[in-house]
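This report considers how strands, a helix and a surface patch are arranged in one protein chain. The sequence and the structure come next, followed by the description.

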Amino acid sequence: MKGLLDGVKVLDLSRVLAGPYCGMMLADMGADVIKIELPKKGDDARGNFPIVNGESAYFMNLNRNKSGITLNLKTEKGKEIFRELVKQSDVVIENYRPGVMERLGLGYEDLKKINPGIIYGAVSGFGHFGPYSKRAGYDIVGQAMSGLMSTTGWPEGGPTRTGTAITDVMGGISCCVGILAALVNKVKTGEGEKVDVSLVDSMVSSLEIINMIYLCTGQVPQRIGNRYEAIYPYDSFRASDGDVIIACGNDKLFK
């Protein structure tokens with residue numbers, strides 16, 4: 001069975017988590033995704049735990065359903081090959097620090113001259129403009145700067161990172177959504193687009209009620225354990241034989 005994105009060609013230059021997660025979602029939906037890695041070294045995630053039969057399950061999960069090649073974009077031959085691939089593709093994904101691709105002569109403005117319909121998805125810590133744009137960004141930085149860590153955990157504890165790399169995941173999802181919207185626009189106009197995604201922005205957007213509490217009431221949200229600010233009971237409770245989760249969205253469900 002073919003996926004909904006069958007026929008869409010994607011060049012995935014990204015590495016580690018946020019960018020590869022975006023490429024993974026596109027591949028899962030049927031796009032033809034080519035993972036492009038550095039010769040000899042490859043994606044840093046190839047060394048990440050857990051290792052199964054000598055290979056990283058972390059890497060395999062995020063790069064499933066993709067084809068793979070190596071390419072040295074610092075050489076003219078590598079750039080030439082990449083430009084030829086761009087001519088035949090719909091999407092490019094990268095998560096280098098802003099300015100890196102431009103210095104290589106392979107930024108969005110360069111690539112759209114080769115292929116006006118190219119969609120360029122870029123994921124970075126703070127986006128491609130603004131005072132922090134040149135800074136590197138990692139998941140825990142996004143969790144901290146967005147305010148997520150200050151509202152996660154129990155009142156007596158300190159700021160707490162979530163169990164998964166949620167900022168990278170949200171950045172990957174945000175980039176995927178932007179690319180899908182750009183693909184719809186391309187069908188209508190034939191034109192490509194640059195999708196510029198910030199990890200911190202993606203995390204701030206996901207905080208939903210946390211933002212509204214502060215913006216509407218002036219109250220600074222605190223750590224409240226497993227409770228939920230909007231409704232109750234919506235929490236974990238200790239029982240004689242273990243913990244139980246009770247989630248009541250309204251009075252009818254509570255009764």
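Two strands are said to pair if DSSP finds at least two bridges between them. In this predicted model, strand E7 (residues 119-124) pairs with two other strands, as set out below.

| Strand pair | Sense | Bridges | One bridge |
|---|---|---|---|
| E6 (residues 91-94) and E7 | parallel | four bridges | Val-91 with Ile-119 |
| E7 and E8 (residues 193-198) | parallel | six bridges | Tyr-120 with Lys-194 |

How many of the six residues of E7 are buried? Six of the six are buried, so the strand is largely enclosed by the rest of the structure. In a regular strand the side chains alternate between the two faces of the sheet. In E7 both faces are covered, with Ile-119, Gly-121 and Val-123 buried on one side and Tyr-120, Ala-122 and Ser-124 buried on the other.

Helix H3 (residues 76-87) has 12 residues and reaches 17 Å from its first C-alpha to its last, which is close to the 16 Å expected at 1.5 Å a residue. Gly-78, Lys-79, Phe-82, Leu-85 and Val-86 are buried in H3. Seen down the axis of H3, these buried residues fall within an arc of 120 degrees, and therefore they line one face of the helix. Glu-76 and Lys-77, on the other side of H3, are exposed.

At the surface, Met-212, Tyr-214, Leu-215 and Val-220 form a nonpolar patch, with about 430 Å² of accessible area together. Leu-215 is found in helix H9 (residues 209-217), and because its relative accessibility is 62%, Leu-215 counts as exposed, the cut-off being over 50%.

How values were computed: Residues are numbered from 1 along each chain as its sequence is written. This is a predicted model: local features need pLDDT of at least 70, side-chain atom pairs count only at pLDDT 80 or more; totals for chains, interfaces and linings use all residues. Side-chain values use heavy atoms; hydrogens and water are left out. Patches are made of residues with over 30% relative accessible area and no salt bridge: like charges are joined within 9 Å, nonpolar side chains (Val, Leu, Ile, Met, Phe, Trp, Tyr) within 5 Å. Accessible areas come from the Shrake-Rupley method with a 1.4 Å probe; for residues, only the protein chains shown count as cover. A salt bridge is a side-chain nitrogen of Lys or Arg within 4 Å of a carboxyl oxygen of Asp or Glu. Buried means under 20% relative accessible area, exposed over 50%, partly exposed in between (1.4 Å probe, protein chains only). The expected span of a helix is 1.5 Å times one less than its number of residues. The arc is that of the directions from the helix axis to the C-beta atoms.
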